[in-house]
Amino acid sequence: MDKSCLECGEKIIGRSDKKFCNDYCRNAYNNQINKDSKNLIRNTNNKLRKNWRILETLNPDQKTKTTKLKLLNLGFDFNLFTSIYITKAGTTYYFVYNQGYLPLEGDYYALVKRDS
């Protein structure tokens, strides 16, 4: 039975389980299939990286305070973080990798850095 390449339609020669005529067609096919999810992941990772850079810039030492307005003006996205840490006392810290923030009263935030 003749099989044809899933990308270009050329006749496939070789192993019976081959789906593509060459590496170029295999890569082109898989890149097209994964394009949407890769864009979503890339954009989300870029936003997380931006959040991390903002926290790193504002918190060069282990601990500091800042305002919500300052974070927003720098483009911080409060919807994106990598983990949540809840202390025994019930305090919730939000982390972007090793940089964390804790909402305080009056639109203030405590910024902390977790040891890697």
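Me: Before I start clicking around, what do buried, exposed and partly exposed mean here?
Reply: Buried means under 20% relative accessible area, exposed means over 50%, and partly exposed is in between. Keep in mind that this is a predicted model.

Me: Okay, try that on Gly106. Buried or exposed?
Reply: Gly106 has a relative accessible area of 61%, so it counts as exposed.

Me: And where is Gly106?
Reply: In the loop between β4 and β5. Its C-alpha atom is 8.6 Å from that of Thr67, and the two residues are 39 apart along the chain.

Me: Switching to helix α1. Which residues does it cover, and where does it bend?
Reply: Helix α1 takes in residues 23-58 and bends by about 60° at Lys35.

Me: What's going on at the start of α1?
Reply: There, a side-chain oxygen of Asn22 comes to within 3.1 Å of the backbone nitrogen of Tyr24.

Me: Which residues of α1 are buried?
Reply: Cys25, Leu48, Asn51, Ile54, Leu55 and Leu58. Their cover includes the strands β1 (63-67), β3 (92-96), β4 (99-103) and β5 (108-113), along with α2 (68-73).

Me: Asn51 caught my eye. Why does it count as buried?
Reply: Because its relative accessible area is 0%, and the cut-off for buried is under 20%.

Me: So what does Asn51 touch?
Reply: Leaving out residues up to four places away in sequence, Asn51 touches Gly75, Phe76, Asp77, Leu80 and Val96.

Me: New topic: how many salt bridges are there in the whole structure?
Reply: Two turn up in a search of the whole structure. One joins Asp17 and Arg15, with the closest N and O atoms 3.0 Å apart. The other joins Asp23 and Arg26, where the closest N and O atoms are 3.1 Å apart.

Me: Where do Asp23 and Arg26 lie?
Reply: Both are in helix α1, three residues apart, which is about one turn of the helix. Arg26 is partly exposed, at 35% relative accessible area.

Me: And back to the other pair, how exposed are Asp17 and Arg15?
Reply: Asp17 is partly exposed at 47% relative accessibility, while Arg15 is exposed at 60%.

Me: Last one. Which residues make the nonpolar surface patch?
Reply: Phe81, Ile84 and Ile86 make it, and the patch is about 270 Å². Ile84 sits in strand β2, residues 83-86.

Me: Why is Ile84 only called partly exposed?
Reply: Its relative accessibility is 48%, and exposed has to be over 50%.

Note on methods: Residues are numbered from 1 along each chain as its sequence is written. This is a predicted model: local features need pLDDT of at least 70, side-chain atom pairs count only at pLDDT 80 or more; totals for chains, interfaces and linings use all residues. Side-chain values use heavy atoms; hydrogens and water are left out. Patches are made of residues with over 30% relative accessible area and no salt bridge: like charges are joined within 9 Å, nonpolar side chains (Val, Leu, Ile, Met, Phe, Trp, Tyr) within 5 Å. Accessible areas come from the Shrake-Rupley method with a 1.4 Å probe; for residues, only the protein chains shown count as cover. A salt bridge is a side-chain nitrogen of Lys or Arg within 4 Å of a carboxyl oxygen of Asp or Glu. Helices (H or I, at least four residues) and strands (E, at least two) are DSSP runs, numbered from the N terminus. Buried means under 20% relative accessible area, exposed over 50%, partly exposed in between (1.4 Å probe, protein chains only). The bend at a residue is the angle between axes fitted to the seven residues ending there and the seven starting there. Contact means heavy atoms within 4.5 Å. A polar contact is a pair of N or O atoms within 3.5 Å; within protein, one must be able to donate a hydrogen and the other to accept it, and residues adjacent in sequence count only if both atoms are side-chain atoms.
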